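Here are my comments on the model you sent, set out as numbered points. Please read them with the sequence and the structure open beside you.

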Amino acid sequence: MPIELQNILNEEKDGILYVTINRPDKLNALNRKTIEELDSVFTFADQLDTVRAVILTGSGNKAFVAGADISEFSSFTDEEAMNLSLFGQAVFSKIESLRKPVIAAVNGYALGGGCELALACHLRIASQNAVFGLPEVTLGLLPGYGGTQRLPLIIGRGQALEMILTGSPKDSTWALQTGLVNHVTESENLLAKATEIAKVLSTRGPIAMRKAIEATLDPIVDYRLEAKLFGDCFDTADFREGTSAFLEKRKPVFQGK
Ligand code: COA
């Protein structure tokens, strides 16, 4: 039996829990409610003994997740922003430390918080049309859901800084070359490929996998620093300009203030 949620679909089949973020009209952007529901669904995945692996994807064929919901945080204070960051980090860390493997099936845009969500999963499979990016700098921000900590560990600091500092999107070929994703498939085969891998995982020893996940958790991280710096940005004119420009559908003009 799935759990009833507003913005997330979930269905168990043959020991695999399929979790789908379902706000397609907002490109599955993560508002607070959706992050809370991610927390609930991953608690459910942890508790359900029949679940041996989880596949996380986005609704529709355009986006995995297009980021944190900008409309929701554009009027936040620095303290509210830091708390939002800490909250998102806590939920994403729960996914990363889940005692069962989680595969992100990235079916389109994985931007900002969407890219960070994929980074918190254990494996990433992308469709050919997937687009990865950390565009926070274009809003006068830095990534606040663990991206500054996890991305350098996964693809190395040099490649990570290119993504973080330019904010420019990267295609699936680049993502495969840098090790950001494990596999790239045609869009129509994405879930089949993720399921094939999840099926292999579900035949492996659950305790061994749990311990392997624990053994490979981030070695040196400072998520609190990321959250503090994320909050600091909300005190800047650049952040107000960046978010207003997005919501008003125009290009931002940053003054460095
Ligand atoms: N937060 C809130 N709403 C978002 C969103 C986000 N991160 N990403 C997309 N949306 C909304 C759009 O505002 C739009 O809503 P509307 O129809 O009510 O105006 C809807 O989703 C569709 O997006 P749209 O921009 O019209 O689609 P597009 O195909 O022209 O562009 C993107 C797609 C992903 C390039 C563009 O939506 C985008 O740049 N999104 C923001 C990405 C970002 O900066 N994420 C990091 C946030 S920290």
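1. In this predicted model, strand β1, residues 8–13, and strand β2, residues 16–21, run antiparallel to each other and are joined by six bridges. Within this pairing, E12 has L17 of β2 as its bridge partner. The two strands make up a hairpin in which two residues lie between them, and D14, which belongs to the turn, has a positive phi of about 50°.

2. A separate paragraph is needed for the open sheet, which is built from four strands in the order β4-β6-β8-β9 and has mixed pairing. The edge positions are taken by β4 (63–65) and β9 (170–171), and because each of these has a single partner strand, one side of each is left without a neighbour in the sheet.

3. At the β9 edge, the partner is β8, which covers residues 131–133 and pairs with β9 in the antiparallel sense over two bridges. When you inspect this pairing, please note that V131 stands opposite D171 in β9.

4. As to the ligand, where in the protein does it sit? The ligand is placed in the largest pocket, and of the 17 residues around it, those that come nearest are K26, K62, A66, A68 and I70. The shell around the ligand is made up of 10 nonpolar residues, one polar residue and six charged residues.

5. Which atoms of A66 and A68 lie 3.1 Å and 2.9 Å from a nitrogen atom of the ligand? In both residues the atom belongs to the backbone: a backbone N or O atom of A66 lies 3.1 Å from a ligand nitrogen, and a backbone N or O atom of A68 lies 2.9 Å from a nitrogen atom of the ligand. For K26, by contrast, the contact is made through the side chain, with a polar side-chain atom placed 2.6 Å from an oxygen atom of the ligand. Taken on its own, the ligand has 850 Å² of accessible area, and the protein covers 68% of that area.

6. In describing the site, I would therefore keep two statements together, namely that the ligand sits in the largest pocket and that the protein covers 68% of its accessible area.

Methods
Residues numbered from 1 in each chain as written. Predicted model: local features only at pLDDT ≥ 70, side-chain atom pairs only at ≥ 80, totals over all residues. Heavy atoms only, no water. Near = heavy atom within 4 Å. Polar contact = N/O pair within 3.5 Å; in protein donor to acceptor, adjacent residues only side chain to side chain. Areas by Shrake-Rupley, 256 points an atom, 1.4 Å probe, with all protein chains shown as cover. 1 Å grid on protein atoms, 1.4 Å probe; cavity = no way out; pocket = protein on both sides within 12 Å on 5 of 7 lines; lining within 4 Å. Sits in = over half its atoms within 2 Å of the grid points. Nonpolar A, V, L, I, M, F, W, Y, C, P; charged D, E, K, R; others polar. Pairing = 2+ DSSP bridges.
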